[in-house]
Amino acid sequence: QHYENGTPAVYAKSEGSEFKFHICISSSKFNPNNYWNGRWRAVWSVQFKPGSQAKLEGNIKIQVHYYEDGNVQLAANYNKKLAVNTTTNAKTSAEAIIKQITKAEQDYHAALEQSYNTMGETTFKALRRALPITREKIQWNAIRNYRLGGDIGGK
């Protein structure tokens, strides 16, 4: 659901009765008319013997660039380790693995969204100084008038 323009790939290998495969998901969205671009890349490695618990390790990399009235970038790297019960039925095992990957990615997406909802109220406000070091508001109109007066007076 999050990968409208995404491309998945699966690379598999078996060693005796053990299976190893990598699930790669890559999606990019470029929106220059609205001044932003984004990319989601995930690699999930699965190692298991049918009927046992699978080791599932994932790495998600996100890059977002917003450049209207400034330049803000996000580069996030998230690692997750999970365990999934498998059966001797390949379809059932694959569905269980995909369900765990989907849940982990949705949880991470929700956590990022929650973080950004609170960030505007906390982090960005902390980055900006409310008043200059003098603790007084700058009187921009007065400064502009001084400059104009100096220009007219020939100074």
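**Close-up 1. K13, E15 and K20 are joined into one network by salt bridges that share partners.** K13 is an exposed residue, since its relative accessible area is 51%, and the cut-off for exposed is over 50%. This is a predicted model, and a search of the whole structure turns up three salt bridges. In one of them, K13 pairs with E15, with 3.3 Å between the closest N and O atoms. E15 also forms a salt bridge with K20, where the closest N and O atoms are 3.6 Å apart. Both of these partners count as partly exposed: E15 has a relative accessibility of 38%, and K20 has one of 29%.

**Close-up 2. A salt bridge links K103 and D107 within helix α1.** Here the side chains meet at 2.8 Å, N to O. The two residues sit four places apart in the helix, which spans residues 90-119, and that spacing is about one turn. K103 is partly exposed at 46% relative accessibility, and D107 is partly exposed at 42%. As a friendly reminder, side chains of opposite charge can pair when their charged atoms come close.

**Close-up 3. F19, F21 and F48 come together as one aromatic cluster.** The structure holds five aromatic pairs. In the pair of F21 and F48, the ring centres are 6.0 Å apart and the planes meet at 85°, so the arrangement is edge-to-face. Because F21 belongs to strand β2 and F48 to strand β3, this pair ties together parts that lie 27 residues apart in sequence. Take a look at how covered these two rings are: F21 counts as buried at 16% relative accessibility, and F48 is buried too, with a relative accessible area of 9%.

**Close-up 4. Y35, Y66 and V72 make a nonpolar surface patch.** The patch covers about 260 Å². Y35 is found in the loop between β2 (18-31) and β3 (36-48). With a relative accessible area of 35%, Y35 is partly exposed; this value qualifies Y35 for the patch because patch residues need over 30%.

**Close-up 5. The side chains of N59 and N77 are joined by a polar contact.** Their contact distance is 2.8 Å. N59 is part of strand β4, which runs over residues 53-66. Leaving aside residues up to four places away in sequence, N59 touches R41, A42 and V43, along with N77, Y78 and N79.

Key. Residues are numbered from 1 along each chain as its sequence is written. This is a predicted model: local features need pLDDT of at least 70, side-chain atom pairs count only at pLDDT 80 or more; totals for chains, interfaces and linings use all residues. Side-chain values use heavy atoms; hydrogens and water are left out. A polar contact is a pair of N or O atoms within 3.5 Å; within protein, one must be able to donate a hydrogen and the other to accept it, and residues adjacent in sequence count only if both atoms are side-chain atoms. Contact means heavy atoms within 4.5 Å. Patches are made of residues with over 30% relative accessible area and no salt bridge: like charges are joined within 9 Å, nonpolar side chains (Val, Leu, Ile, Met, Phe, Trp, Tyr) within 5 Å. Accessible areas come from the Shrake-Rupley method with a 1.4 Å probe; for residues, only the protein chains shown count as cover. A salt bridge is a side-chain nitrogen of Lys or Arg within 4 Å of a carboxyl oxygen of Asp or Glu. Buried means under 20% relative accessible area, exposed over 50%, partly exposed in between (1.4 Å probe, protein chains only). Rings of Phe, Tyr and Trp (its six-membered ring) pair if their centres lie within 6.5 Å; planes under 30 degrees apart count as stacked, over 60 as edge-to-face and the rest as tilted.
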